[in-house]
2 protein chains.
Amino acid sequence: MARIVMKFGGTSMAGTERIRRVAQIVRKQQAAGHEVAVVVSAMAGETDRLVNFCREANPLYDPAEYDVVVASGEQVTSGLLALTLQAMGCKARSWLGWQLPVRTVEAHANARVADIDSAALIAAMRAGEIAVIPGFQGVSDAGRITTLGRGGSDTSAVAVAAAVEADRCDIYTDVDGVYTTDPRIVARARKLKYVTYEEMLELASVGAKVLQTRSVSLAMKRGVRVQVLSSFIGDDAPPADDLPGTMIVSDEEMEGIDMERQLVTGIAHDKNEARVVLTRVPDKPGAVAHIFEPLAQASINVDMIIQNVGREKGETDVTFTVPQADLVRAQALLEDKREQIGFNRIITDSKVAKISVVGVGMKSHAGVAATMFKALADRGINIQAISTSEIKVSVLIDEDETELAVRVLHTAYGLDAEDAAA
Amino acid sequence: MARIVMKFGGTSMAGTERIRRVAQIVRKQQAAGHEVAVVVSAMAGETDRLVNFCREANPLYDPAEYDVVVASGEQVTSGLLALTLQAMGCKARSWLGWQLPVRTVEAHANARVADIDSAALIAAMRAGEIAVIPGFQGVSDAGRITTLGRGGSDTSAVAVAAAVEADRCDIYTDVDGVYTTDPRIVARARKLKYVTYEEMLELASVGAKVLQTRSVSLAMKRGVRVQVLSSFIGDDAPPADDLPGTMIVSDEEMEGIDMERQLVTGIAHDKNEARVVLTRVPDKPGAVAHIFEPLAQASINVDMIIQNVGREKGETDVTFTVPQADLVRAQALLEDKREQIGFNRIITDSKVAKISVVGVGMKSHAGVAATMFKALADRGINIQAISTSEIKVSVLIDEDETELAVRVLHTAYGLDAEDAAA
């Protein structure tokens with residue numbers, strides 16, 4: 001017998017017919033002798049609908065009232081899943097964020113879970129009752145509804161799993177696991193049986209949007225074993241114990257599993273970045289700080305940064321990337337600081353893509369970056385910027401070359417499946 | 001300066017554009033120097049949508065989970081109205097049922113308000129903040145969401161008004177007050193400036209669906225002055241102090257206002273009743289109890305009851321009315337008890353209408369019923385059953401004659417407006 005937290009996303013919860021499929025999967029887990037809690041998202045599209053209402057009501061909306069409105073989507077699906085499980089003869093009840101409670105810090109619309117009172121939850125699960133918990137929501141010390149930011153239900157699930165000391169947190173999504181790369185681009189992409197927290201973090205943050213990044217960080221910090229699974233399986237599928245999802249594990253666990261693993265685990269791509277070049281910035285101490293301080297204050301996430309030597313002595317060109325959605329805002333902020341920074345021109349390009357090669361294996365092996373640069377050069381793909389971390393090498397290229405680059409690299413690192421549909 | 005609770009129904013809250021109109025009306029009240037709390041319904045159609053989800057999920061739904069789902073509609077509109085008021089520069093916040101809290105008895109899906117903790121609410125209103133409260137919802141002693149039954153937001157508004165000792169509870173609806181009869185039937189119907197609680201109860205329960213009956217009972221019990229108003233007024237309308245709605249007052253207050261008032265205040269009609277006749281029921285003690293006990297146990301509301309002398313000695317025909325929606329169920333229950341009751345046939349007719357003449361004036365004046373019977377007889381309208389209370393006379397007639405009967409009686413009691421569009 002194990003204690004399992006299961007999480008279902010908006011596509012799985014979109015309407016009562018799909019909720020019935022979810023309930024069948026949940027019931028099967030309980031019937032296999034496990035203690036089960038379920039964390040649910042709002043119906044697909046519902047959160048967008050509610051966010052739009054808020055924007056229409058007040059473009060500069062108060063995040064506390066925004067939370068009151070948008071948290072309702074998960075409230076609805078948690079009640080409906082409890083009802084559906086009851087209709088199948090299971091004991092079930094919903095536990096809203098303020099009922100458990102799921103206490104969060106008071107950053108409305110982007111709160112973080114502080115702690116979850118698990119006593120009632122564990123008692124209910126031990127008594128054979130399925131606990132249904134709306135994801136995304138919590139309650140502040142002031143007793144007001146908070147939400148965890150878009151995609152926050154993954155984080156809710158991991159937080160609940162940590163609180164009840166679950167043996168596993170199963171995240172059911174519309175993909176059936178984590179792949180070596182996007183299978184829509186590379187038909188020979190392989191599903192990974194295991195991936196480490198760190199690899200998953202890099203894959204998630206560079207565009208393989210299977211899990212919310214924060215949920216992976218939390219799982220790593222709290223040591224929660226997370227499995228990514230598909231909720232679109234047949235009625236006769238085996239219980240999740242035997243399901244071929246992807247398990248996210250620690251470095252140590254991974255070493256025990258796979259001593260001979262590949263240097264590179266996966267290739268990710270991200271078309272949501274934009275490139276900004278500031279030309280002829282004075283090459284003196286503090287100049288770069290003048291660029292990035294205002295962006296940080298505006299919560300604009302700057303990613304790759306490259307400083308080139310300028311054409312004139314004492315000047316330099318600074319290149320960096322920001323999320324495309326923030327490009328206009330970033331440009332306006334920089335124009336405001338033109339005199340202080342002292343640049344000549346702003347050149348922007350949103351038709352760029354970031355391609356990343358990720359793998360814990362590269363910690364102990366050199367040559368991964370060199371392989372990447374050569375493979376791309378051989379196909380004539382120009383690299384506009386480079387950034388690296390311990391387990392990742394990223395390059396910025398022309399957006400039109402995204403698919404080609406991903407395919408080339410997938411082959412170069414030996415990731416192609418032996419036999420798959422072409 | 002007064003303390004005013006305003007309530008807006010689903011039609012007024014249907015979409016952000018309409019919510020903006022509501023916010024303008026609310027702001028005007030506050031600008032006039034009043035302390036304001038607002039109780040809101042869900043967007044028109046939303047509660048039906050949520051109820052349908054519950055039925056699809058589980059036809060025999062657990063009312064505790066049903067409440068979790070359906071209470072979300074008012075949660076959304078309360079947050080949106082607070083946001084909209086903030087966008088207009090007002091201080092505003094939402095107070096959910098569990099936050100105030102609005103404590104109710106634990107009858108899920110049909111709860112009754114036990115008490116409302118008004119301290120925080122009054123403090124906020126005194127500080128110039130507009131309190132926005134979702135109607136229809138409360139919280140049980142067990143800390144779970146409860147709802148007050150369909151139309152419960154009217155009751156929420158009156159309960160809030162009682163808790164904060166409001167000077168007035170203004171119920172904004174899609175009609176602009178209470179009329180002497182349905183203006184769609186009688187063009188010369190007049191809007192009443194005042195109506196007593198008892199009259200309003202009778203008018204509401206016999207088909208003039210302006211307010212939920214329970215809200216009127218509660219207002220009477222707690223002495224809350226309720227005004228019915230239209231929310232579809234121009235932007236340049238005066239504050240509600242001067243609005244020509246209908247004020248619901250006590251008998252005593254009414255005597256001070258209108259010493260020379262009419263015997264009859266209004267004519268109501270109700271096409272939702274069905275007539276049941278059981279023939280040749282044994283005329284012995286306990287026989288009638290056998291009929292009505294099973295109906296009461298099934299929560300079927302029996303209204304008019306008439307016992308005729310049967311054709312044979314020792315036998316009687318029993319006629320009564322039930323809501324049309326319960327007719328099939330009532331029939332099945334009675335068939336089950338056929339032997340115990342000992343009747344011969346069940347005859348049913350759902351093509352009937354109940355016409356009621358209502359007025360506190362008739363307490364001290366005879367002849368009201370006689371006038372009714374004569375006016376109907378003069379037009380050849382056959383009376384199938386009669387029931388009376390202190391302030392009401394109701395008759396059951398053929399549904400096809402509803403409009404004719406209402407017009408005839410409106411004229412007979414001198415209620416027609418002097419000059420109105422024909």
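Contact here means heavy atoms within 4.5 Å. Helices (H or I, at least four residues) and strands (E, at least two) are DSSP runs, numbered from the N terminus. Axes are lines fitted to C-alpha atoms, for helices over the stretch in contact, and angles run from 0 to 180 degrees between N-to-C directions.

This is a predicted model, in which local features need pLDDT of at least 70, side-chain atom pairs count only at pLDDT 80 or more, and totals for chains, interfaces and linings use all residues. Residues are numbered from 1 along each chain as its sequence is written, chains are lettered from A and ligands numbered from 1 in the order in which they are written, and side-chain values use heavy atoms, with hydrogens and water left out.

## A sheet and its helices

Chain B holds an open sheet of eight strands. Their order is β3-β6-β2-β1-β9-β11-β12-β10, and the pairing is mixed. Two strands pair if DSSP finds at least two bridges between them. At the edges are β3 (92–94) and β10 (194–196) of chain B, each paired on one side only. On average, neighbouring strands of this sheet are turned by 20° against each other, direction ignored.

Inside the sheet, β2 (residues 35–40) and β6 (residues 130–134) of chain B run parallel, joined by four bridges. Opposite Val40(B) stands Pro134(B) in β6(B).

Two helices lie across these strands. Helix α1 (residues 16–31) of chain B crosses β1 (3–8), β2, β6 and β9 (168–173) of chain B, at about 170° to β1(B). Helix α5 (residues 119–126) of chain B lies across β1, β2 and β6 of chain B, and runs at about 125° to β2(B).

## A covered strand

Strand β13 (residues 266–270) of chain B is mostly covered, with five of its five residues buried. Buried means under 20% relative accessible area, exposed over 50%, partly exposed in between (1.4 Å probe, protein chains only). In a regular strand the side chains alternate between the two faces of the sheet. Both faces of β13(B) are covered. Gly266(B), Ala268(B) and Asp270(B) are buried on one side, Ile267(B) and His269(B) on the other.

Five bridges link β13(B) to β18 (residues 352–358) of chain B, and the two run antiparallel. His269(B) stands opposite Ile355(B) in β18(B).

In chain A, helix α14 (residues 402–412) has buried residues Thr402(A), Ala405(A), Val406(A), Val408(A), Leu409(A) and His410(A). The buried residues of α14(A) pack against β13 (266–270), β18 (352–358), α13 (368–378) and β20 (392–398) of chain A. Just after α14(A) comes Gly414(A), with a positive phi of about 70°.

## Three residues of chain A

UniProt, in an unreviewed entry, places the feature "binding site" at Thr47(A) and Glu74(A). Such positions are given in the numbering used here, feature names are shortened, and annotations may be inferred rather than shown by experiment. The two span 28 residues in sequence, yet their C-alpha atoms are no more than 8.7 Å apart, so they gather at one spot.

The table sets them beside a loop residue, Glu390(A).

| Residue | Place in chain A | Relative accessible area |
|---|---|---|
| Thr47(A) | helix α2 (residues 46–57) | 10%, buried |
| Glu74(A) | helix α4 (residues 72–87) | 3%, buried |
| Glu390(A) | loop between β19 (385–389) and β20 | 59%, exposed |

Neighbours within four places in sequence are left aside in what follows. Thr47(A) is in contact with Ala42(A), Glu74(A) and Arg150(A). Glu74(A) touches several residues, including Val40(A), Thr47(A), Pro134(A) and Ser153(A). Glu390(A) is in contact with Met362(A) and Lys363(A).

## How the two chains meet

A rotation of 179° with 0.2 Å of shift along its axis superposes chain B on chain A, with an RMSD of 0.2 Å. That is the relation of a two-fold axis. Copies are superposed by least squares on the C-alpha atoms of residues with pLDDT of at least 70 in both. In chain B, the C-alpha nearest the axis belongs to Ser72(B), 2.6 Å from it.

The same surface serves both copies, as 100% of the contact residues of chain B recur in chain A. Each chain brings 39 residues to the contact. Between them, chain B and chain A bury about 3,100 Å², 59% of it on carbon and sulfur atoms. Buried area is the accessible area (1.4 Å probe) that two parts lose on being put together, summed over both. Glu65(B), Leu83(B) and Trp98(B) supply 19% of the area that chain B buries against chain A, more than any other three residues.
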